[in-house]
Amino acid sequence: MQITIKQLTPELGQTFCDYLSGLDFQQTPHWASCFCRFYHLTCPQQEWMARTLEQNRAEALEEIEAGHMRGYLAFDGDTCVGWCNASDVENLVRLREYTDELCHGKRVGCTICYVIHPDYRGQEIARKLLERAISDFRSAGYEAMLALPVETQTAQQKRYRGTLHMYQQAGYEELQTIDQLHIMWLRLV
């Protein structure tokens, strides 16, 4: 298996949408219509839950085209097998309660969502996506990266933000823990 990581570009927008559309979200049905828009919006939870798959998909394509929604796709040959939302914290407006004070005046990147195809889980694809994000944010002159993994004994679905161990191995330091949320920081300069 040869995994290739590609940056999300407008040319790969449809691949991104097709990948997420083709996954089985039985365990987490509310994710089936997300298209990774949740963290890019500030609408109240009730309004978010009323948004349709079509609405989020179309908006994702528009935001990818505009360069506001960024991330990486993992491929096994020509087959997309993974996704990571890797954006400037300024574009992840739902996270402002964590980013406003911590990131004020700094260029900070954040990886917030990993969606790995079930057949490819446990093969370190999320780590490869993270490595690429770190490398690219560093090359682009970012000062730091933020991660917000949630570690619980029972909720496997919370691992979509990446694992605490994964970030620790990449050199992140833990700044604070709020309940089961770990605020992780990686200095890039």
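**Strand 4**

I started with strand 4 in this predicted model. I looked up how enclosed strand 4 is: nine of its nine residues are buried, so the rest of the structure largely encloses it.

Next I checked its neighbours. On one side, strand 4 pairs with strand 3 in the antiparallel sense over seven bridges. Within that pairing, tryptophan 83 stands opposite valine 115 of strand 4. Strand 4 also runs parallel to strand 5, and three bridges join the two. There, glycine 109 has methionine 145 of strand 5 as its bridge partner.

**The whole sheet**

I then stepped back to the sheet. Which order do the strands take? Seven of them form an open sheet in the order 1-2-3-4-5-7-6, with mixed pairing. I noted the edges: strand 1 (3-7) and strand 6 (173-178) each have a single partner strand, so one side of each has no neighbour in the sheet. From one strand to the next, I find a twist that averages 25°.

Strand 2 and strand 3 run antiparallel and are joined by six bridges. I picked out one pair here: leucine 73 stands opposite tryptophan 83 in strand 3. So I have tryptophan 83 down twice, facing leucine 73 and valine 115.

**Helices against the sheet**

Helix 1 packs on the sheet and touches strand 2, strand 3 and strand 4. I read off its direction as making about 115° with that of strand 3. Helix 4 (residues 96-103) lies across strand 4, strand 5, strand 6 and strand 7, and runs at about 35° to strand 7. Strand 4 is on both lists, touched by helix 1 and crossed by helix 4.

**Nonpolar cores**

My next stop was the largest nonpolar core, which has 40 residues. Which members touch the most others? They are Phe16, Leu73, Trp83, Ile112 and Leu146. I traced the elements that give two or more residues to this core: helix 1 (13-21), helix 3 (53-66), strand 2 (71-76), strand 3 (79-88), strand 4 (108-116), strand 5 (144-147) and strand 7 (181-187). Strand 4 gives the largest share, five residues.

I followed Leucine 73 further. Leaving out residues up to four places away in sequence, its contacts include Ile5, Leu8, Leu12, Phe16, Cys80, Trp83 and Leu129. Thr4, Lys6, Thr15 and Gly82 are also among them.

There is a second, separate core of 27 residues, and I spotted Ile116, Ala133, Met145 and Leu186 among its members. Met145 is familiar from above as the bridge partner of glycine 109.

**Arginine 57**

I was curious about arginine 57, which sits in helix 3. Is it buried or exposed? Its relative accessibility is 19%, so arginine 57 counts as buried, the cut-off being under 20%. Setting aside residues up to four places away in sequence, arginine 57 touches Gln14, Cys17, Asp18, Ser21 and Phe35.

**The second largest pocket**

Last, I looked at the second largest pocket, with a volume of about 610 Å³. Its lining counts 26 residues, and those nearest its centre are His30, Trp31, Phe38, Tyr39 and Tyr160. Where does the lining come from? Helix 2 (45-50), helix 4 and strand 4 each supply at least two residues. Helix 2 gives the most, with three. That brings me back to strand 4, a contributor to this lining as well as to the largest core.

Notes
Residues are numbered from 1 along each chain as its sequence is written. This is a predicted model: local features need pLDDT of at least 70, side-chain atom pairs count only at pLDDT 80 or more; totals for chains, interfaces and linings use all residues. Side-chain values use heavy atoms; hydrogens and water are left out. A nonpolar core is a set of buried Ala, Val, Leu, Ile, Met, Phe, Trp, Tyr and Cys residues joined through side-chain atoms within 4.5 Å. Buried means under 20% relative accessible area, exposed over 50%, partly exposed in between (1.4 Å probe, protein chains only). Helices (H or I, at least four residues) and strands (E, at least two) are DSSP runs, numbered from the N terminus. Contact means heavy atoms within 4.5 Å. Two strands pair if DSSP finds at least two bridges between them. Axes are lines fitted to C-alpha atoms, for helices over the stretch in contact, and angles run from 0 to 180 degrees between N-to-C directions. On a 1 Å grid over the protein atoms alone, a cavity is a set of points where a 1.4 Å probe fits but cannot get out, and a pocket is an open set with protein on both sides within 12 Å along at least five of seven lines; lining residues have an atom within 4 Å of a point. Grid points are joined across faces, edges and corners, and a volume is the space filled by probe spheres set on the points.
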